[in-house]
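Colleague: Before I accept the labels attached to this model, I should like to hear the reasoning behind them. Could we take them one at a time?
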Amino acid sequence: MPTTVLFSARSERWDQYAPHLTAALDATGLDYRLVTEAAAEEVDYIIYAPNSGLDDFTPYTRCKAVLNLWAGVEDVVQNPTLTQPLARMVDDEGLTQGMVEWVAGHVLRHHLGTDRHVMGQDGVWRTGAPPLATERPVTVLGLGALGKACGQALARLGFPVTGWSRSPKQVDGVEALHGEEGLRDALARARILVLLLPLTAATENLLDARRIARLPEGAVVINPGRGALVDDDALIDALDRGRLAHATLDVFRTEPLPPEHPFWAHPKVTVTPHIASETRPASAARVIAENIRRGEAGEPLLHLVDRALGY
Ligand code: NAP
């Protein structure tokens with residue numbers, strides 16, 4: 001009997017993913033069928049987007065794994081009906097490259113003073129070259145697939161980069177800290193702070209008033225992680241007092257960001273509409289197919305989510 005792979009994502013995604021998934025699954029040599037509908041008890045794997053509408057996994061009694069198309073799993077990890085192993089999207093080169101480009105672009109905007117020197121076409125001759133990257137320490141909170149790649153790219157540009165994660169690690173080019181004391185040091189160094197943590201019970205509101213107070217005067221916050229990592233009121237207060245210079249935010253507690261939210265009109269906030277990066281079908285299909293190949297070969301799946309930790 002062929003391995004049944006159910007694609008459960010918004011219908012418009014099917015055309016984008018189907019050719020790439022077909023090519024990647026063909027390359028595994030498996031006898032499979034890739035479908036958008038199937039009797040639940042016949043499904044072996046679910047390729048899953050949390051906004052697909054599927055939220056009861058109980059009928060999928062034969063399902064060996066749910067393969068999340070997104071890097072973030074906060075919308076599915078606590079689902080009590082999900083008893084099958086859950087893998088998330090890691091090592092999609094397109095997703096990682098997109099995040100590196102977005103983070104590097106926004107770090108460089110603030111570092112170079114782009115708004116002041118390039119866009120201020122107001123006839124004012126503002127002298128003074130920006131400092132070199134070597135003089136602008138950057139901290140990246142989260143040293144997972146994305147934080148590590150961004151930290152290393154920034155280090156290659158010359159920024160002194162400090163990273164912070166839950167567990168100790170070694171990352172070439174990045175001074176990697178961990179634990180509460182590590183966070184204190186990481187924040188104290190951060191002229192530019194990049195948030196690339198997952199949203200979990202332990203990281204919600206991580207950047208609150210107390211932690212913002214540890215950042216250097218005039219620091220910039222860049223958040224492509226998740227909106228709820230930041231205490232919005234504390235952030236606005238710090239911007240209003242001039243304690244922070246700017247916040248560039250790609251993610252929000254409520255998305256789309258409601259029109260009346262103060263972030264939209266705040267002169268020191270840049271809003272981007274959750275576009276920092278996204279899963280790219282061609283590269284993501286290879287990650288998904290490799291996990292299905294592993295599952296069918298009885299090998300351990302890659303990128304499994306730790307339900308207790310929430311990521
Ligand atoms: P990941 O590989 O799971 O890495 C998460 C990192 O955060 C790890 O280094 C982990 O530490 C650290 N961490 C988790 N909980 C922590 C805690 N309580 N204290 C300290 N460090 C903690 O995730 P990723 O693939 O790099 O993605 C990061 C996040 O980016 C995603 O969860 C998602 O929310 C966001 N994202 C946003 C977009 C966008 O377009 N805006 C796109 C993709 C992803 P350990 O290394 O010790 O485990």
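Modeller: Certainly; let us start with aromatic pairs. Rings of Phe, Tyr and Trp, the last represented by its six-membered ring, pair if their centres lie within 6.5 Å. The model is a predicted one, and a search of the whole structure finds four such pairs.

Colleague: Why is the pair of F7 and W14 called tilted?

Modeller: The ring centres of F7 and W14 are 5.3 Å apart, and the limit for a pair is 6.5 Å. Their planes stand at 55°; planes under 30 degrees apart would count as stacked and those over 60 as edge-to-face. The angle falls between these limits, so the pair is tilted.

Colleague: What makes the pair of Y48 and F57 edge-to-face?

Modeller: Y48 and F57 have 70° between their planes, and an angle over 60 degrees counts as edge-to-face. The centre-to-centre distance of Y48 and F57 is 5.2 Å, which satisfies the limit of 6.5 Å.

Colleague: Which residues form one aromatic cluster with F7?

Modeller: The cluster consists of F7, W14 and Y17.

Colleague: Are F7 and W14 buried or exposed, and how do you know?

Modeller: Buried means under 20% relative accessible area, and exposed means over 50%. F7 has 3%, so F7 is buried. W14 has 24%, which lies between the two limits, so W14 is partly exposed.

Colleague: Why are Y48 and F57 classed as they are for accessibility?

Modeller: Y48 has a relative accessibility of 2% and F57 a value of 0%. Buried requires a value under 20%, and therefore Y48 is buried and F57 is buried.

Colleague: Why is N79 called buried?

Modeller: The relative accessible area of N79 is 16%; the cut-off is 20%, so N79 counts as buried. N79 is placed in the loop between β4 (65-68) and β5 (86-87).

Colleague: Which polar contact joins the side chain of N79 to another side chain, and what makes it one?

Modeller: The side chains of N79 and T81 are joined at 2.7 Å, and the limit for a pair of N or O atoms is 3.5 Å. A polar atom of the N79 side chain also lies 2.8 Å from the backbone oxygen of D55. Leaving aside neighbours within four places in sequence, N79 is in contact with D55 and F57.

Colleague: How do you know that T162 is buried, and where is T162 placed?

Modeller: T162 has 5% relative accessibility, and under 20% is buried, so T162 qualifies. The place of T162 is in strand β7 (residues 161-165).

Colleague: What makes the link between the side chains of T162 and R189 a polar contact?

Modeller: The distance is 3.1 Å, and the cut-off for such a contact is 3.5 Å. Beyond neighbours within four places in sequence, T162 is in contact with several residues, among them V138, V174, L177 and R189.

Colleague: What is noted about the phi of N205, and why is N205 called partly exposed?

Modeller: N205 has a phi near 60°, a positive value in a residue other than glycine. At 31%, the accessibility of N205 lies between the 20% and 50% limits, so N205 is partly exposed. N205 is in the loop between β9 (192-195) and α6 (209-212).

Colleague: Where does the peptide bond from E255 to P256 lie along the chain, and which form does it take?

Modeller: The bond from E255 to P256 is cis, with omega near -5°. P256 lies in the loop between β11 (244-249) and α8 (262-265).

Note on methods: Residues numbered from 1 in each chain as written. Predicted model: local features only at pLDDT ≥ 70, side-chain atom pairs only at ≥ 80, totals over all residues. Heavy atoms only, no water. Buried < 20%, exposed > 50% of the residue type's maximum accessible area, 1.4 Å probe, protein only. Helix = DSSP H or I, 4+ residues; strand = E, 2+ residues; numbered from the N terminus. Polar contact = N/O pair within 3.5 Å; in protein donor to acceptor, adjacent residues only side chain to side chain. Contact = heavy atoms within 4.5 Å.
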